[in-house]
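Trainee: I'd like a close look at one part of this model, the aromatic rings and what lies around them. Take me through it slowly, and then work outwards from there.

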Amino acid sequence: MGKIIGGINMTLDGVCDHTKVDPDEEVHQHYEDLLRKTDAILYGRITYQLMEFWKSILENPTGNKALDEFAAAMDAVPKIVFSRTLHDVDWKSATLAKKSLSEETLALAQQPDKHILVGSRSLIIELLKLGLLDELQLMVHPVIAGEGLTLFENMHDRVPLKLIKTKTFNSGAVILYYEPLKQQVDQ
């Protein structure tokens with residue numbers, strides 16, 4: 001069975017907005033390493049369009065080794081985009097999903113030893129609700145945004161999680177690795 005990992009960057013007050021955090025070389029290196037172990041990334045339309053920034057870096061390198069290498073790693077990973085409004089994608093490593101989120105995710109997870117990264121807030125929430133995430137990686141940056149879209153804004157049910165490890169970066173950012181616990185039905 002494959003492993004489905006939800007991963008997201010957020011501020012200390014829970015805002016998920018890439019413009020509110022400032023990842024350094026160490027953070028980019030961490031995510032480059034993660035991408036190199038990833039067999040596919042699932043994105044919603046909005047996050048996919050934000051991530052296309054890295055395609056432009058690949059086409060016009062910055063000279064910053066961390067950014068340029070991250071862009072190359074991002075380009076290499078197959079991306080599956082879930083959208084009701086996009087009719088095509090122009091990134092060679094991206095395709096539009098042909099099935100529902102649950103069907104695509106379950107099909108990918110059936111492949112042995114595959115690591116599927118979920119990189120969109122909305123998809124992480126939906127997969128949590130469906131009980132399909134194996135791991136949730138929250139990178140919390142040491143900044144308070146004060147406003148913006150929070151990660152769990154649309155969660156209305158209790159989801160118990162088990163902390164399995166942490167990683168601290170020199171910048172003060174911390175990744176919290178959680179395993180969603182399967183809900184026990186009272187009998």
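Mentor: Okay, here is a walk from the rings out to the neighbouring elements.

Keep in mind that this is a predicted model, so to speak of local features we need pLDDT of at least 70, and of side-chain atom pairs 80 or more, while totals for chains, interfaces and linings use all residues. Numbering runs from 1 along each chain as its sequence is written, and side-chain values use heavy atoms, with hydrogens and water left out.

Rings first. A pair of aromatic rings is described by the distance of the centres and the angle of the planes. Here, rings of Phe, Tyr and Trp (its six-membered ring) pair if their centres lie within 6.5 Å, with planes under 30 degrees apart called stacked, over 60 edge-to-face and the rest tilted. That rule gives three aromatic pairs. One of them is Tyr48 with Trp91: the centres are 6.1 Å apart and the planes sit at 40 degrees, so this pair is tilted. Tyr48 belongs to helix H2 (residues 45-59), whereas Trp91 is in the loop between strand S3 (79-82) and strand S4 (94-96), so the pair ties together parts that are 43 residues apart in sequence. Those labels come from DSSP runs (helices are H or I, at least four residues; strands are E, at least two), numbered from the N terminus. Both Tyr48 and Trp91 are buried, meaning under 20% relative accessible area, with exposed over 50% and partly exposed in between (1.4 Å probe, protein chains only).

Now Trp54 and Phe70. Their ring centres are 4.6 Å apart with the planes at 70 degrees, so this pair is edge-to-face. Trp54 is in H2 and Phe70 in helix H3 (residues 65-76), so the two rings tie together parts 16 residues apart in sequence. Trp54 is buried at 10% relative accessibility, and Phe70 is buried at 7%. Add Phe53 to Trp54 and Phe70 and you have one aromatic cluster.

Back to Trp91, where a charge joins in: the charged end of Lys79 sits over the Trp91 ring, 4.4 Å from its centre. The rule there is NZ of Lys or CZ of Arg within 6 Å of the ring centre and within 35 degrees of the ring normal. Lys165 does likewise with Tyr177, with its charged end 4.6 Å from the ring centre.

Trp91 has another neighbour worth a look, Glu52, which lies in helix H2. Glu52 touches Asp90 and Trp91 once residues up to four places away in sequence are set aside; contact means heavy atoms within 4.5 Å. Glu52 is partly exposed, at 22% relative accessible area. Its C-alpha is 9.2 Å from that of Asp75, a residue 23 places away along the chain.

H2 also shows up in the largest pocket, which has a volume of about 1,100 Å³. Of the 39 lining residues, the closest to the pocket centre are His18, Thr47, Leu50, Gly119 and Ser120. The elements giving two or more residues to that lining are S1, helix H1 (25-36), S2, H2, H3 and H5. H2 provides the largest share, seven residues. In grid terms (1 Å, protein atoms alone), a pocket is an open set of points where a 1.4 Å probe fits, with protein on both sides within 12 Å along at least five of seven lines, and lining residues have an atom within 4 Å of a point. Points are joined across faces, edges and corners, and the volume is the space filled by probe spheres set on them.

Last, from S3 over to H4. Ile80 lies in S3 and is buried, at 11% relative accessibility. Among its contacts, leaving out residues up to four places away, are Ile41, Tyr43, Thr95, Glu104 and Leu108. Glu104 and Leu108 are among the buried residues of helix H4 (residues 101-109), together with Leu101, Thr105 and Ala109. These cover an arc of only 130 degrees around the axis, which puts them on the same side of H4; the arc is taken from the directions from the helix axis to the C-beta atoms. The cover over the buried residues of H4 includes strand S1 (3-11), strand S2 (40-44), S3, strand S5 (115-118) and helix H5 (121-130). In the loop between H4 and S5 you find Asp113, a residue other than glycine with a positive phi, near 60 degrees. Asp113 is exposed, at 67% relative accessibility.
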